[in-house]
Structures are given as structure tokens and as C-alpha cells.
Amino acid sequence: MNQNQISDIIQLQRTKYRENSFIEYDTRMELLTKVQNCITKYEKDILNALSLDLGKPSYEAQLSEIIFVQNEVRSIKKNLKKWMKKRKVKTPLIHFPAKSYIRSEAYGSVLIIAPWNYPFQLLFSPLIGAIAAGNRVVLKPSEISENTSHLIKKIIDEVFEEEYIACVEGGVEETTELLDGHFDYIFYTGNAHVGRIVMEKASKNLTPVTLELGGKSPTFVFGNSDLELVAKRIVSGKFFNAGQTCIAPDYVLVDENKYEELVNKLIKYIEKFYGEVPSKSKDYGRIINESHFNRLLSLIETDSLLCGGNTSSEKKFIPPTLVSAKEGDLCMKDEIFGPILPIMKMENLKSAIDYVTAGEKPLAMYIFSNDSKVQEAILNRVSAGGVTVNDTLMHITNEHLPFGGVGHSGMGSYHGENSFDLFSHKKSVFKASTVMDVPVKYPPYFGKIGLVRWLMRFFG
Ligand code: NAD
């Protein structure tokens, strides 16, 4: 798509928004139904595209991309009427009989930029929130997951009118073109480097942004816990989508007394889940491209390898890999975003907490402990986007929990009602009475302030 076509889409949505800034409930529901229908119609093609892009096992793709989005649309449709209602709030007695309420209004035209790791879900999940809130939307899928991107473009062009939902494919050039246009809200998911570019560009028009970023998500294993269950749950969360999950456990901090047992059990579950030759497993994905493959290989130091190693650049395959790590190791610097799990022995809980808080605030955090004092100590001291206690990834599966980062891992959160709220401006409305008119608010003011103070104290 060239520069003119992109600016035409932006212009079209802006003009339509000016002409009709309120999209009725029925139209929103119609658009959401179209989303549901197109997922059903194209489910096989979506799964196929995800398999071509990421070697995504069908089960993982259905769970995390199809069912996830379908559930969200269903729940949003069920609740939309209620969420769209104006919300009455109290009005101080001094204004009697005035009334006050909050109207959720659409921002206008929203730009949604998605990354490649869950290329369908991360575009469609914010899309349905934005539609529910009455916005028009321009979608920008990741060019890196190219098969999914082409398919999404085809679906959107076929199903929706551009004045409501449009899709622009492309890479840096096209995204820059979009970011140079004028949107009313920008929702970006991806790495922090581009997050800064998005925020800088948005600042030109004072456009509000949500940044769904990543980071190093720690996993604590301390106190009393069943290491069998711990290992099983860490392995399943870490190696889902071959570790290319923003909230995957990035590394494990474990009480030094439990290190050996935990490592043995992690290896046991890797074998149990993916077999002795994981390259033959149908339940294990591939690395998205060569550059990420090479980046990941550079993180594996062979002398610290505990499990894994047989990689294939031709097949972009890296097996589930465990490495023993220490502070300062390369794999402990940046987000791993692949199937490598560093495990670091810690002397005690305090040193583990100190280690995490010395870094940036993570997107997710996992606490394995049956000891509520341990859980509370970590929850009190470590700030994180979201937390699962005694499992991994699970907090994202509850639509009633807001999903998002904090600090370096992002700003703003969505899913379920939080998506509706995120994509709505909360407009305050005060309806004054025309029946009563309190004279103290008008000039001349002389001698009135005492009365105002008295009224405010008793009726304010
Ligand atoms: P990516 O390379 O696909 O980039 C994301 C989007 O930014 C793409 O649409 C791309 O076209 C655009 N982009 C890239 N460079 C750009 C530039 N210079 N200017 C403007 N636009 C540009 O994906 P990625 O960034 O590699 O994604 C992985 C990161 O995303 C990881 O850090 C991961 O943790 C994070 N992530 C976060 C979440 C979340 O929900 N918080 C979800 C998934 C991924």
C-alpha cells in the first residue's frame, strides 16, 4: 500500500467519525458478529497460516488465538449493552436538583499495531474492544508473520467496510506512515524500542497510547512447594509457542537447596511433554525467523547447558533448553523470547527479590510457593504487570483481570470490560437545574464567601 492509499484510509475514517461520531449499539453488535463469523469461516486458513509462520501446533493455535478471541467476543457481546449505559454518579447536595453521570464515548479512529508471536490474537483481541467502544479501527499486522498478515488483510478487506475497519500491511515504512497520520488512539504491542518511537510520534498530536511491551518475567521457587507440579507448570508455560510468549517465564530463581531437584524434574517434564527427540514432536513450535534463531543461539553458552542443544537452522528449530545462569550472564540481560530457560540459584528469598527489583518492572511474574508469607513478601516488593501464583500464564486467561504492563513492560491494560474502558473516553456530564438558581455564585462577590464556605461545609 502506498503513501496516498494509507493517508486516504486515515482521512476516510476521520471524515466518517466527524460525520457520525456515535456508532449505535446495533452496528457495534453487527461488526462483532462479523468478527465471529469470519473466524469461523477462516479458522482452517488461520491455523494453516500460523503453522507456516511459526510451526504453531494446532492445539496451541486454537487455544491461544482462536478460542481466546472467540471467548472475548462472546463475553463482550453479552455485556455490551450494560457497559454502554451512562453511569450515574452522586451530585453534591449544594447543586440540588442537578444530576451527574459518565458517558463512555469512542475516541474516534484507533490504530492497532501487532507483533508476530500471536499475530492473530494480538490484533483481534484489541480490535473487538475498540469496536465495542464504538471506534473505527486501522489494523497493522506484523510483516514478520507474513502468512498471517496476508490472510488477515484478505479477511478484513472482504468482511468490513474501510470506514469502520481497515487493514494496512507492511513494515517500518508503512507503520511510520501510519504513525505520522492523525489517530485518536494508538494501541501498540511489541518491543520497547519501537514503543518509544510510537510514543514519540503520538506526542505530536497528543494522541493517547497503550503500549503492550515485554521484559524479563521472573519465576520464583521458594518455600514449601511440590516441585513435581512446579516443574510441570514451568515447562508448559515456558515452551508454549516455543517460548515466544511475552509473558513466558523468562528465568527461574530457585532456593539453592532445591536447585538440583528442580532441574531434574524440569528435564523429566520436557521429555514427557516433547519426547526424547523434541524435533519430532507435533506439539512444539519453531522460531519465527533466522535473525531471531541466531539471536537465541548466541544466548546459549555450552558450558552452562543443562538440557537441549540440538538445533537446526534450516528448520529454525531450538529444543526446550535449560541453562544454569549467574548474575551478569548474557542470557540474564535482555528478554529471551524463545525456548531457553536460565535457572539461577539464590541464597535466600531476599537476595532473589533484590535481584529482580534491581531491574526493570516485568510484564509477568510467577511465584511458586505454598507459603503465604513468601507469596506476600514477593507481591509486596516486586511490581509487575500481572502475576500468577503456583502456575504460569494463567492470569491472561481470566478476562476479568486487566492485562498489561507497568513501567518498562508497558502502560494501559485490556481484556473484557477493561478493553471497553481502555478504548472509551469517560465523558463527565453535569446536568444543572434550571428551576433553582443559587445567587451566591454570581458577582458582585462582596460578602458572599462566608456563606459559600458554610454551604460547602454542610451541603458540598
Ligand atoms: P515486531 O517486530 O512484529 O514489531 C511489532 C510491530 O511494530 C510490527 O507491526 C512492526 O511492523 C512495527 N515496527 C517494527 N519496527 C518499527 C519501527 N522502526 N517503526 C514503526 N513500527 C515498527 O514484533 P516485536 O517487537 O519483535 O515483538 C516482540 C516483543 O513484543 C517482545 O518484547 C514481547 O515481549 C512483546 N510482546 C508483548 C506483548 C504484550 O501483550 N505485552 C505481547 C506480545 C509481544
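# A tour of the ligand site, cavities and pocket

The second largest cavity has a volume of about 40 Å³. Keep in mind that this is a predicted model. Select Leu 299, Glu 301, Ser 304, Val 323, Ser 324, Asp 329 and Cys 331 to see the lining of this cavity. Three of these lining residues are nonpolar, two are polar and two are charged.

**Next stop: the largest cavity**

How many cavities of 30 Å³ or more does a search of the whole structure find? There are two. You have just seen the second largest. The largest has a volume of about 50 Å³. Select its lining in pieces. Begin with Gly 215, Ser 217 and Lys 238. Add Gly 243, Thr 245, Cys 246, Ala 248 and Asp 250. Finish with Glu 335, Phe 337 and Gly 338. By class, this lining has three nonpolar, five polar and three charged residues.

**Keep Glu 335 selected and go to the ligand**

Glu 335 lines the largest cavity, and Glu 335 is also among the closest residues to the ligand. The others named as closest are Ser 142, Glu 143, Asn 191 and Leu 213. In total, 27 residues surround the ligand.

Now show side chains and look at three contacts with ligand oxygen atoms.

- Ser 142: a polar side-chain atom lies 2.6 Å from an oxygen atom of the ligand.
- Glu 143: here the distance from a polar side-chain atom to a ligand oxygen atom is 2.7 Å.
- Asn 191: an N or O atom of the side chain is 2.6 Å from an oxygen atom of the ligand.

How much of the ligand's accessible area does the protein cover? The ligand has 850 Å² on its own, and the protein covers 91% of that.

Select the shell around the ligand and colour by class. You will find 16 nonpolar, seven polar and four charged residues. Then switch to a cartoon view. Helix H6 (172-180) supplies at least two residues of the shell. So do strand E6 (185-189) and helix H7 (192-204).

Why does the ligand lie between two domains? Colour domain 1 (3-213 + 411-425) and domain 2 (218-404) separately. Both give residues to the shell around the ligand, so the ligand lies between them.

**On to the second largest pocket**

This pocket has a volume of about 390 Å³. Its lining has 18 residues, and those closest to the centre of the pocket are Ile 94, His 95, Val 438, Val 440 and Lys 441. Which element gives the largest share of the lining? Select helix H14 (residues 449-459), which contributes three residues. By class, the pocket lining has 13 nonpolar, two polar and three charged residues.

**Two cis peptide bonds**

Select Phe 96 and Pro 97. The peptide bond from Phe 96 to Pro 97 is cis, with omega near 5°. Pro 97 sits in the loop between strand E1 (87-89) and strand E2 (99-106).

Then select Pro 443 and Pro 444. The bond from Pro 443 to Pro 444 is cis too, with omega near -5°. Pro 444 belongs to the loop between strand E18 (424-431) and H14. H14 is the helix you selected for the lining of the second largest pocket.

**Last stop: a backbone angle**

Select Leu 393. What is the sign of its phi, positive or negative? Leu 393 has a positive phi of about 65°, although this residue is not a glycine. Trace the backbone on either side. Leu 393 is in the loop between strand E14 (386-389) and strand E15 (403-404).

Key: Residues are numbered from 1 along each chain as its sequence is written. This is a predicted model: local features need pLDDT of at least 70, side-chain atom pairs count only at pLDDT 80 or more; totals for chains, interfaces and linings use all residues. Side-chain values use heavy atoms; hydrogens and water are left out. On a 1 Å grid over the protein atoms alone, a cavity is a set of points where a 1.4 Å probe fits but cannot get out, and a pocket is an open set with protein on both sides within 12 Å along at least five of seven lines; lining residues have an atom within 4 Å of a point. Grid points are joined across faces, edges and corners, and a volume is the space filled by probe spheres set on the points. Ala, Val, Leu, Ile, Met, Phe, Trp, Tyr, Cys and Pro count as nonpolar, Asp, Glu, Lys and Arg as charged, and the others, Gly among them, as polar. A residue is near a molecule or strand if one of its heavy atoms lies within 4 Å of it. A polar contact is a pair of N or O atoms within 3.5 Å; within protein, one must be able to donate a hydrogen and the other to accept it, and residues adjacent in sequence count only if both atoms are side-chain atoms. Accessible areas come from the Shrake-Rupley method with a 1.4 Å probe; for residues, only the protein chains shown count as cover. Helices (H or I, at least four residues) and strands (E, at least two) are DSSP runs, numbered from the N terminus. Domain bounds come from an automatic or database domain assignment.
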